[in-house]
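Here is my note on the model, point by point. Please read it with the structure open.

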Amino acid sequence: MWIYQKTLQHPVNLKNGDLQMAKYLVTQFGGPNGELGAALRYLSQRYTMPTGKSRALLTDIGTEELAHVEMISTMVYQLTYDATPEQLRAAGLGSSYAQNGFGIYPTDANGVPFSAAPIAVMGNAVTDLHEDMAAEQKALATYYHLINLTDDVDIINVLRFLGEREIVHYQRFGEALMDVYDFEERQQVF
């Protein structure tokens, strides 16, 4: 079922290291509004969707969110490449280095490890799709905040792409919501 392409969904070719930006960006990997949480949310919610269209959409978007995890991780790696432990410590990444070395570990920007706690799976299609739309808006807002924290055009380019995908996902979840409403209306017996 899963097909992995060995290319990123959008190119990530950052030319400059920036440890502070890496510290901020990691929140979109393992933070409460990040891509890892979104992927797990959508891939978990798909089972209780009442229509093939809504199930397929959650599978597609959940899988795409995994591609976004890969992009964010690549950005963090490129921004921290060749950093010394002393530089990491000075940038506030010393704790991460102590625990994970140079590995990219899912945390928020404060270093709090990834948690499944913010992932909402209710089992009610309407509730879950509203949650998904809100999640996409929160991720979009986070991308705007991250753009405001840098003047690096290469970083901004990737963040804009990811933000545009959040907008598309929001729209697609809205379409899925209408599909579910139509399905529920057809199921009512008068």
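1. Polar contacts first, since the term is needed below. A polar contact is a pair of N or O atoms within 3.5 Å, and within protein one must be able to donate a hydrogen and the other to accept it. D152 offers a case: a side-chain oxygen of D152 lies 2.8 Å from the backbone nitrogen of D154. D152 thereby caps the N-terminal end of α8.

2. Overall make-up. This is a predicted model. The chain holds eight helices and zero strands. Read from the N terminus, its elements run α-α-α-α-α-α-α-α. The C-alpha trace spans about 70 × 30 × 30 Å along its principal axes. Of the 190 residues in the chain, 43% are buried.

3. Helix α8. It covers residues 153–187, a run of 35 residues. What span should α8 have at 1.5 Å a residue? The expected value is 51 Å, and the end C-alpha atoms of α8 are 51 Å apart, so the two agree.

4. Helix α4. This helix covers residues 52–80. α4 has 29 residues. From its first C-alpha to its last, α4 reaches 42 Å, close to the 42 Å expected at 1.5 Å a residue.

5. How α4 meets α8. Two packed helices are described by the angle between their axes and the distance between the axes. For α4 and α8, the angle is about 165 degrees and the axes are 11 Å apart. Angles over 145 degrees count as roughly antiparallel, and α4 and α8 are therefore roughly antiparallel to each other. Their crossing is left-handed.

6. E64 and H169. E64 lies in helix α4. Is E64 buried or exposed? At 14% relative accessibility, E64 counts as buried, because buried means under 20%. The side chain of E64 makes a polar contact with the side chain of H169, at 3.1 Å.

7. D60. The UniProt record, an unreviewed entry, carries the annotation "binding site" at D60. Such annotations may be inferred rather than shown by experiment. D60 is placed in helix α4. Its relative accessible area is 49%, so D60 is partly exposed. The cut-off for exposed is over 50%.

8. The exit from α4. Just after α4, D82 takes a positive phi of about 70 degrees. D82 is a residue other than glycine. Where is D82 found? D82 sits in the loop between α4 and α5, the latter covering 85–90. With 63% relative accessibility, D82 counts as exposed.

9. Helices α3 and α7. α3 covers residues 35–45 and α7 covers residues 125–148. Their axes come within 11 Å and cross at roughly 165 degrees. That makes α3 roughly antiparallel to α7. The crossing of α3 and α7 is left-handed.

10. Y105. This residue is in the loop between α6 (94–100) and α7. At 38% relative accessibility, Y105 counts as partly exposed. How many residues apart in sequence are Y105 and N13? They are 92 residues apart in sequence. In space, Y105 and N13 are 20 Å apart, C-alpha to C-alpha.

Note on methods. Residues numbered from 1 in each chain as written. Predicted model: local features only at pLDDT ≥ 70, side-chain atom pairs only at ≥ 80, totals over all residues. Heavy atoms only, no water. Helix = DSSP H or I, 4+ residues; strand = E, 2+ residues; numbered from the N terminus. Expected span 1.5 Å × (residues − 1). Buried < 20%, exposed > 50% of the residue type's maximum accessible area, 1.4 Å probe, protein only. Axes fitted to C-alpha atoms, helices over the stretch in contact; angles between N-to-C directions. Parallel < 35°, antiparallel > 145°, perpendicular 65-115°, else oblique. Left-handed = near helix turned anticlockwise from the far one by under 90°.
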